[in-house]
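Work through the exercises below with the sequence and the model at hand. Each task is followed by a solution in steps.

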Amino acid sequence: MKSTEYRVQSTDQISLSAKRSVSETVCQQSGLSGEAGLPAIVGITGGIGSGKSTIARALAARGYAVYDCDKEAKRIIAENAEVQQKIIELLGEEAFTNPSAPSLERVKSSARSDCRRSSVELPGGEVSPIYNTSYVAERVFAEPELLERLNQIVHPAVKEDILQRSGSTATRSYSEAVLQAQPVLFIESAILYEAGLDEICDKIIVVEAPEEVRIERTIQRDYNGEATEENINKVRARIQAQKTSSPLHGGTEKGFILINDGRKSIDELAEEIITLLS
């Protein structure tokens, strides 16, 4: 995936993607401009332990629609016949496992019949294949280039799903009442830039925190609070691995950094985001 160049400008200057516009209602409320009838898309991203998911949940609790990219990617893999077909072609039929799962040819046939439908409907009451995550993880770990190719399958499908769900009423997963009351769709993704989702965002919030704070939070969440040297080193390695793709420093034309170092509560940070959009 080609790298994205970021021009350092005022965060008040919002340059919308050619692929995505926002509603006139949002224009009046938040200073954004674009196509009528569609909600603004606001990306939330950040590294491990930054607190982006906690902030996203706080926004959801305030009535905003929040799209969890990790969760929805799993749903898409589980339901989308075209995506399943491509993954099987890349990794083999072992990528999916189910005693009554369809064969590769039957998945292909299902995908060809209607590649845009959201689930696999096969004759005879067969159920969709189950994604074999352990097998896939083993393959992409042994052959890193496979991970890039897998991402090239999944990421565009996620992007399309976001646009469909924020677009026509028929494909929205969020109620009309929610989007009318709060005409903003937040999308949460740890790899928002890497997945190319920045291209469909009207604003981007990058949540950051000091490394030691991130380590402490991750130890509490992933290692039951056991701050052993081994666990700390594992978390530090994960943080270092993410630094090569750190997306935003100093602000961009449509993004800003939100510092979540514990000095402000999550509620206060959520209100800061809402204020930015008001």
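Axes are lines fitted to C-alpha atoms, for helices over the stretch in contact, and the angles between N-to-C directions run from 0 to 180 degrees. The model is a predicted one.

**Exercise 1. Two helices, H4 and H7**

Task: State how the axes of helix H4 and helix H7 cross, and which residues make the contact.

Solution:
- Two packed helices are described by the angle between their axes and the distance between the axes.
- Helix H4 covers residues 81-91 and helix H7 covers residues 144-166; their axes come within 10 Å and cross at roughly 175°.
- Angles over 145 degrees count as roughly antiparallel, and H4 and H7 are therefore roughly antiparallel to each other.
- On the H4 side the contact is made by Val83, Lys86, Ile87, Leu90 and Leu91, and on the H7 side by Leu146, Arg149, Leu150, Ile153 and Ala157.
- Sorted by class, this contact has 8 nonpolar residues, no polar ones and 2 charged ones.

**Exercise 2. H3 against H4**

Task: Do the same for helix H3 and H4: at what angle do the axes cross?

Solution:
- The axes of helix H3 (residues 69-79) and H4 come within 6 Å, with a crossing angle of roughly 85°.
- The range from 65 to 115 degrees counts as roughly perpendicular, so H3 and H4 are roughly perpendicular to each other.
- H3 contributes Ile76, Ile77, Ala78 and Glu79 to the contact, while H4 contributes Ala81, Val83, Gln84 and Ile87.
- The classes in this contact are 6 nonpolar, 1 polar and 1 charged.

**Exercise 3. Buried or exposed**

Task: Decide for Asn224, Asn233 and Lys254 whether each is buried, partly exposed or exposed.

Solution:
- The cut-offs are under 20% relative accessible area for buried and over 50% for exposed, with partly exposed in between.
- Asn224 lies in the loop between H9 and H10. Its relative accessible area is 69%, so Asn224 is exposed.
- The phi of Asn224 is near 55°, a positive value in a residue other than glycine. Most residues other than glycine have a negative phi.
- Asn233 belongs to helix H10 (residues 229-243). Its relative accessibility is 41%, so Asn233 counts as partly exposed.
- Between Asn233 and Ile215 there are 9.2 Å from C-alpha to C-alpha, and the two are 18 residues apart in sequence.
- Lys254 sits in the loop between H10 and strand E7 (255-259). Its relative accessible area is 12%, so Lys254 is buried.
- Lys254 and Cys201 are 53 residues apart along the chain, and their C-alpha atoms are separated by 8.3 Å.

**Exercise 4. The whole chain and its confidence**

Task: Describe the protein as a whole, then say where its confidence is lowest and where it is highest.

Solution:
- The secondary structure comes to 11 helices and 7 strands.
- Of the 278 residues, 44% are buried.
- About 14400 Å² is exposed, and carbon and sulfur atoms supply 50% of this area.
- Among contacts between residues at least 6 apart in sequence, 71% join residues at least 24 apart.
- The mean pLDDT is 77, and 67% of the residues reach 70 or more.
- Confidence is lowest in helix H1 (residues 24-30), with a mean of 39, and highest in helix H9 (residues 211-222), with 97.
- Over residues 1-35 the pLDDT is below 50, and this stretch has 88 contacts in the model beyond near neighbours in sequence.
- Residues 113-124 also stay under 50, and here the model has 20 contacts beyond four places in sequence.
- Where pLDDT is low, the predicted coordinates should not be read in detail.

How values were computed. Residues numbered from 1 in each chain as written. Predicted model: local features only at pLDDT ≥ 70, side-chain atom pairs only at ≥ 80, totals over all residues. Heavy atoms only, no water. pLDDT = per-residue confidence, 0-100. Helix = DSSP H or I, 4+ residues; strand = E, 2+ residues; numbered from the N terminus. Contact = heavy atoms within 4.5 Å. Parallel < 35°, antiparallel > 145°, perpendicular 65-115°, else oblique. Nonpolar A, V, L, I, M, F, W, Y, C, P; charged D, E, K, R; others polar. Buried < 20%, exposed > 50% of the residue type's maximum accessible area, 1.4 Å probe, protein only. Areas by Shrake-Rupley, 256 points an atom, 1.4 Å probe, with all protein chains shown as cover.
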